[in-house]
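Okay, thanks for squeezing me in. I'll put the sequence and the structure up, and then we'll walk through a few spots together.

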Amino acid sequence: MHLPSMTARGKGQARRAAKGRTVAAVARAGFVGRGVIYLLIGALALRIAFSDGGGRQADRGGAVAELADRPFGNVLLWLLGIALAGMALWRLSEAFFGQAGPDGDKPGKRALSGARCLFYCFVSYSVLAYATGDEGSGSGSSDRQTKDVTAKAFDWPGGRWIVAAAGAAVLVAGIWIAGRALLRKFHKRLRISEMPRRVRRIVDVLGVFGGMARGAVFAVAGGFALVAALRHKPGEAKGIDNTLRSFADTGAGPWLLALIAFGLAAFGLFSWANARWRKL
């Protein structure tokens, strides 16, 4: 058998595997895991809005620590870490073989899937490391990490402008996320026609509200990084926890943070809807 035909057959088998039931199942598990994290962050942010938050951080680290304190917490962490690894595997398959939809083979979309794969690999690793006893891995403060990375970047040649560019990119990404949610761009990713009318309405509310809240958090975090770079003060860069707390420092007081908290929880529920209705 000729080598080109064998290579083509191998690629075809790999593509079918990437679009098969196993990868679809782990992707859906990944959406469930993502939903758990956003629901916990939303709950922690709501607690912070009207109290001290019980010493928890309203970020991924705080969510992991919160889950670990529940009954059978270590088992739940293992399940969460494995589910997020499934999300990483699905994103990897998209990077190699394209996303679902007519324009899923575009290089830009494949590159974005590759970046998401790396992100979920990191998140999955940190959760599983925490489950094995490395508590500093999964529950590290996003604020401390952000400030440390920003300070180190300032020491690089042109580091200040690199941080400014990164902050601007996150700010724009946040606006893009919120805008797409408002325009209901998620419809093309979901099997909308198969949803009962009531479910469709609920998913619409969760997708718009949750996506806009998530985008707002990204945009504000990017804004803080941009300001930190322009002022050359790495301490002004904020992680997710301090970014969320900053909403309570506005004229609306804790009510704006509470609104964002409900929005993040809504995005968690929207992620669960994706687990059921996403086109894969």
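So, helix α8, residues 159–182: what should its 24 residues span, going by 1.5 Å a residue? The expected figure is 34 Å, and the end C-alpha atoms sit 35 Å apart, which agrees. Keep in mind that this is a predicted model. As for who is tucked away in α8, the buried residues are G159, V163, A164, G167, G174, I177, A178 and A181. Look at the spacing in that list with this in mind: an α-helix has 3.6 residues a turn, so residues three or four places apart point the same way. Right after α8 comes R184, and its phi is positive, near 60°.

That brings me to backbone angles. Most residues other than glycine have a negative phi. Two more to look at, then. F72 has a phi near 60°, positive without being a glycine. Where is F72? In the loop between α3 and α4, and F72 is exposed, at 68% relative accessible area. The other one is H232, again not a glycine, with a positive phi of about 55°. H232 lies in the loop between α9 (197–231) and α10 (240–247), and with a relative accessible area of 43% it counts as partly exposed.

Back to the two helices on either side of F72. How do α3, residues 60–68, and α4, residues 73–97, pack? Their angle is about 135° and the axes are 7 Å apart. That makes α3 oblique to α4. On the α3 side the contact uses V64, L67 and A68, and these meet G73, L76, L77 and L80 of α4. Sorted by class, that contact has 6 nonpolar residues, 1 polar and no charged ones.

Last stop, cysteines. How many disulfides do we get? The count comes to 0. Take C117: the nearest cysteine sulfur belongs to C121, 4.1 Å away, and C117 is in no disulfide. The cut-off here is 2.5 Å between the sulfur atoms, so at 4.1 Å C117 does not make it. From the other end, C121 has the sulfur of C117 as its nearest, at 4.1 Å, and is in no disulfide either. Are these two buried or exposed? C117 is buried, with 8% relative accessible area, whereas C121 is partly exposed at 40%.

That's my tour, happy to spin the model around if anyone wants another look.

Terms used
Residues are numbered from 1 along each chain as its sequence is written. This is a predicted model: local features need pLDDT of at least 70, side-chain atom pairs count only at pLDDT 80 or more; totals for chains, interfaces and linings use all residues. Side-chain values use heavy atoms; hydrogens and water are left out. Axes are lines fitted to C-alpha atoms, for helices over the stretch in contact, and angles run from 0 to 180 degrees between N-to-C directions. Helices (H or I, at least four residues) and strands (E, at least two) are DSSP runs, numbered from the N terminus. Angles under 35 degrees count as roughly parallel, over 145 as roughly antiparallel, 65 to 115 as roughly perpendicular and the rest as oblique. Contact means heavy atoms within 4.5 Å. Ala, Val, Leu, Ile, Met, Phe, Trp, Tyr, Cys and Pro count as nonpolar, Asp, Glu, Lys and Arg as charged, and the others, Gly among them, as polar. Buried means under 20% relative accessible area, exposed over 50%, partly exposed in between (1.4 Å probe, protein chains only). The expected span of a helix is 1.5 Å times one less than its number of residues.
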